[in-house]
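Please open the model in your viewer and keep the sequence beside it, so that each selection can be followed in both places as we go.

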Amino acid sequence: METDGRRGAESAEGFREVSRGLWVEEPAKRYRMPDAVRTAAVRAVIIAAITLIQATIAFLSTLAGSWLAFPMVLSSVASTVVATWGVLDVWVTRQMWNQRGGVVSVPSSTARQLRRERRRARRAARSAARSADRGGARIRRGARPRGGAGAPETGAPETSAPETGAHEAGGQEAGAAATPRRAPASV
């Protein structure tokens with residue numbers, strides 16, 4: 001094949017060759033593991049590798065008749081127990097992550113939908129509580145007071161003492177109930 005054929009020009013046979021780039025990116029078949037699961041998996045692989053190294057050293061030192069054979073056999077047995085724990089740790093961590101965080105591999109998973117609905121319900125409850133606290137009146141941000149130093153802000157709920165003068169004496173009278181006055185909604 002000549003240089004023109006490699007560049008995508010028509011070859012001597014009459015068909016056009018398609019040039020392909022060096023790097024072709026393909027979509028991921030599996031998604032990235034969660035951080036906790038990946039940490040447990042890396043820990044398990046390191047422990048398993050150390051266990052295999054210890055078992056190899058124990059085997060070779062047994063063949064050589066070295067004094068190191070017995071301690072290495074004992075330590076490789078202990079490492080096998082630890083490696084089994086490491087693999088079980090990966091499995092438990094993965095199960096725990098799936099139960100707590102939901103199945104995150106599919107964008108339309110049931111767990112995400114349930115979380116979304118719970119989030120909407122919490123937001124609605126918070127906004128209802130906020131509107132109940134302020135009595136339905138909205139406070140505009142950046143509003144400036146209209147009058148002098150003691151004037152209330154625009155749109156802020158205004159409270160005053162009952163007209164009987166109960167607050168002057170330091171308390172309320174027995175028959176008078178203090179009801180807050182609100183500013184008009186058009187202000």
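## A walk through two helices

Begin by selecting Ser61, which you will find in helix α2, the stretch covering residues 35-64. Keep in mind while looking that this is a predicted model.

Is Ser61 buried or exposed? Ser61 counts as buried because its relative accessible area is 7%, and the cut-off for being buried is under 20%. Now show what surrounds this residue: once neighbours within four places in sequence are left aside, Ser61 is in contact with Ser66, Leu68 and Ala69.

Next, select Ala44, which also lies in helix α2. Ala44 has a relative accessible area of 7%, and is therefore buried. Which residues does Ala44 touch, if those up to four places away in sequence are not counted? Display Gly86, Val87 and Val90, and you will have the residues that Ala44 touches on that condition. Then add Asp89 to the selection and draw a line between the two C-alpha atoms: Ala44 and Asp89 are 45 residues apart in sequence, while in space their C-alpha atoms are 8.0 Å apart.

For the last stop, move to helix α4, made of residues 110-133, and select Arg120 there. Arg120 is exposed, because its relative accessible area is 53% and the cut-off for being exposed is over 50%. Finally, widen the selection to Arg116, Arg118, Arg119, Arg122, Arg123, Arg126, Arg130 and Arg134, which together with Arg120 form a positive surface patch; colouring these arginines in one shade will let you follow the patch as you turn the model.

Notes. Residues are numbered from 1 along each chain as its sequence is written. This is a predicted model: local features need pLDDT of at least 70, side-chain atom pairs count only at pLDDT 80 or more; totals for chains, interfaces and linings use all residues. Side-chain values use heavy atoms; hydrogens and water are left out. Patches are made of residues with over 30% relative accessible area and no salt bridge: like charges are joined within 9 Å, nonpolar side chains (Val, Leu, Ile, Met, Phe, Trp, Tyr) within 5 Å. Accessible areas come from the Shrake-Rupley method with a 1.4 Å probe; for residues, only the protein chains shown count as cover. A salt bridge is a side-chain nitrogen of Lys or Arg within 4 Å of a carboxyl oxygen of Asp or Glu. Lys and Arg count as positive and Asp and Glu as negative; His and the chain ends are not counted. The place of a charge is taken as NZ of Lys, CZ of Arg, CG of Asp or CD of Glu. Helices (H or I, at least four residues) and strands (E, at least two) are DSSP runs, numbered from the N terminus. Buried means under 20% relative accessible area, exposed over 50%, partly exposed in between (1.4 Å probe, protein chains only). Contact means heavy atoms within 4.5 Å.
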